[in-house]
Amino acid sequence: MSHVDYTVQDSIAVIAFGNPPVNSLSYAVRAEIAAALDYAVADPQARAVVLYGKGGVFCAGADIREFGTSDVRRPPSLWHLIGAAESCEKPVVAAIEGICLGGGLEIALACHYRVVAADARLGLPEVKLGLLPGAGGTQRLPRLVGVETALNMILSGEPVPASLLARTALIDCLVESDVLAKAVQFASQVVARGEPVPRTRERRLNEPNLAALCQFARNTVRATAPNYPAPLRCIDAIEAAAKPFDAGIEVEAASFLALLESSQSQALRHIFFSERAAARIADVPESTPVRDIESAAVIGAGTMGAGIAICFLNAGLPVTLLESKQDALDRGISRVAEAYESQVRKKKLTPDQRDQRMALLSPTLSYSAIAHADIVIEAVFEDMSVKEKVFATLDEVMKPGAILATNTSTLDVNQIAKVTRRPQDVIGTHFFSPANVMKLLEVVRGSATSKEVLASTMKLAKTLRKTAVVAGVCDGFIGNRMIGQYSRQALTLLEEGSSPQQIDAAAEAFGFAMGPFRMFDLAGNDIGWQIRKRQRIEHPGLEQSSVADDLCELGRFGQKTQGGWYDYRAGDRTAHASKVVEDLVAAYRVKRGIPPRDIDAQEIVDRLVYSLVNEGARILEEGIAARASDIDIVYLTGYGFPVWRGGPMFHADRIGLFEVARRMRQFAWTPAPLLARLAAAGQPFNTVDKRAA
Ligand code: NAD
């Protein structure tokens with residue numbers, strides 16, 4: 001298939017390239033653009049060249065579909081295109097509209113002129129993958145937009161509207177419409193003027209405050225992104241743009257290679273691909289039909305119900321919120337209204353937008369008001385008998401084809417489905433708290449859930465801007481099942497001699513957003529207590545006693561009650577050590593005959609993290625998660641696992657499973673069978689992904 005159209009209009013060669021949806025630079029596109037540039041150079045009809053991206057988009061950079069294949073490195077490279085455009089004797093004009101990112105912008109920077117639509121968005125997002133723009137971006141951008149703007153663009157990785165760059169040398173002509181026609185016109189004027197072509201590499205960077213600007217940027221990124229090497233390397237490379245071009249390029253190239261090897265960039269790239277992989281389900285092809293979801297109902301207007309309703313309202317979908325009692329319904333509606341009010345106060349939303357969203361919300365106490373919703377999400381108490389009653393009613397009232405979803409955190413979705421006559425329409429949609437903020441959505445596939453319902457729910461997740469991961473049915477699915485082991489380990493460490501502060505400090509130094517005890521206090525210690533009580537009934541002899549239960553007996557449920565593992569003084573969110581807890585733990589140790597010992601931070605971290613890894617291995621082997629990387633995404637987007645470590649399974653692969661298993665045995669644990677097998681075979685978890693794909 002041809003990706004490039006070559007035409008000559010008024011003595012101007014137009015190279016229009018296309019590779020839907022975003023004109024990414026696949027091997028075929030690179031090869032055809034390179035050939036077209038050569039042709040234009042030799043074409044006696046062409047006096048200048050316009051490079052144009054078809055379909056309303058200039059170019060989004062490298063083609064991620066080629067990553068991991070030999071085509072990535074197959075010549076002609078991006079470098080070749082950039083060199084060919086910049087060294088061309090005939091003027092080369094980039095006609096830019098839509099998006100112009102990464103390698104796409106690096107090509108545009110090397111063109112001699114740029115005609116840009118005012119609403120185009122330009123950016124160099126490489127820092128988000130722990131890299132820097134390595135095809136001259138760090139050298140050419142500062143030469144065209146100045147050091148300060150280049151620092152902002154390269155360090156944030158965010159695209160910038162062209163209108164904000166209008167006064168810089170990056171934009172020779174800002175246009176409102178017809179970018180191609182205007183670029184051809186512009187090229188004709190350039191030809192008529194007959195001036196020598198300007199080359200970005202030949203511009204001098206003239207910034208008297210270069211050192212001070214770079215130092216300020218270094219101080220900022222050291223404070224805001226201490227665990228990432230890429231921002232500092234970006235700054236070094238931008239500072240080197242003051243040198244002759246080739247010397248600056250050497251700094252850029254050396255930094256790029258170092259970053260490519262860095263564990264942080266490997267983790268960020270792993271996450272980038274894992275998020276995309278999570279959307280693919282082996283036996284549910286992309287062609288699976290999906291149901292239209294244009295309206296929703298939510299049952300239960302508590303913490304989760306209100307948050308879930310907001311997710312739909314934000315996506316512009318009408319929601320009916322159903323409660324069993326008027327006062328609970330009123331509280332739920334106020335919760336939604338308050339969330340929007342707070343956004344208006346913070347200027348994240350206009351009063352008009354708030355009114356539009358609130359207008360999509362209908363409160364009700366009656367099931368007849370929700371019968372026509374395309375999806376209903378149940379978020380009532382975590383109690384099987386309550387949920388069974390709700391689903392039996394839904395089965396009676398909902399229109400045929402409606403998706404019946406439960407937000408349960410731990411309960412058996414298959415048992416819930418069985419109370420209906422349409423188990424194929426029942427699915428778990430496990431949102432995380434606060435539902436309107438957290439990115440993760442665990443989509444729980446019941447044994448009877450139809451492929452159509454699964455595909456429709458995955459599509460809905462995109463509409464709601466969630467990162468969806470499919471989980472099978474088990475107690476706690478992926479995330480909560482793993483956090484159960486992690487919590488148990490945190491409590492065992494406490495019982496053996498560590499304090500909540502020591503354990504939290506070790507976990508936070510490793511990079512967790514918050515340590516386990518601060519997390520328990522925030523979420524409410526009573527949640528774990530309820531789950532432990534249920535599990536003891538279901539599995540007698542599982543675990544007889546826990547210091548956490550003693551804490552709950554005292555009514556210390558966490559921040560909500562001003563006391564948990566820490567004391568929370570009124571209006572003060574800082575956690576203080578609690579004497580009550582010290583005495584409680586000491587009494588517990590005496591009662592159980594546990595002599596306290598000093599446990600170092602490394603052991604604390606290894607036991608916490610490897611408890612996740614071991615349970616993750618079981619989850620993977622049982623097929624509850626399809627890939628190790630799905631488990632990583634759950635932990636990164638739902639549980640505050642440090643992003644630069646790439647998730648628990650990726651972290652374990654980096655350490656090496658042999659070493660992980662050896663350490664587990666030092667703690668007298670039995671490594672999960674899959675982990676033991678992989679460790680013995682010298683293989684990582686990601687080889688299991690390949691078998692699943
Ligand atoms: P909540 O107690 O804040 O809210 C539950 C609401 O359901 C209450 O307003 C209650 O009046 C209402 N309700 C109870 N029975 C009802 C019925 N028969 N019909 C209509 N309404 C009824 O609870 P929550 O924290 O929002 O949790 C709801 C569900 O979400 C549970 O299954 C829970 O496990 C799950 N969940 C909770 C969290 C969390 O962090 N809170 C996170 C993920 C999932």
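**Helix α11 and the six-stranded sheet**

Colleague: How many of the 12 residues of α11 are buried?
Modeller: Helix α11 is largely enclosed by the rest of the structure, because most of its residues fall in the buried class (under 20% relative accessible area, with exposed over 50% and partly exposed in between; 1.4 Å probe, protein chains only). This is a predicted model: local features need pLDDT of at least 70, side-chain atom pairs count only at pLDDT 80 or more, and totals for chains, interfaces and linings use all residues. Residues are numbered from 1 along each chain as its sequence is written, and side-chain values use heavy atoms, without hydrogens and water. Of the 12 residues in α11, the buried number is 10.

Colleague: How far apart are the end C-alpha atoms of α11?
Modeller: Helices are DSSP runs of H or I with at least four residues, and strands are runs of E with at least two, numbered from the N terminus. For α11 (residues 303-314) the expected span, 1.5 Å times one less than the number of residues, is 16 Å. The end C-alpha atoms agree with this, at 17 Å.

Colleague: Which strands stand at the edges of the sheet?
Modeller: The open sheet of six strands runs β1-β2-β3-β4-β6-β9, with mixed pairing; two strands pair if DSSP finds at least two bridges between them. Two strands have a single partner each, so one side of each lacks a neighbour in the sheet: β1 (4-9) and β9 (173-175).

Colleague: Which residue in β6 is the bridge partner of A95?
Modeller: Strands β4 (residues 92-96) and β6 (residues 113-117) pair in the parallel sense over four bridges. In β6, the partner of A95 is V115.
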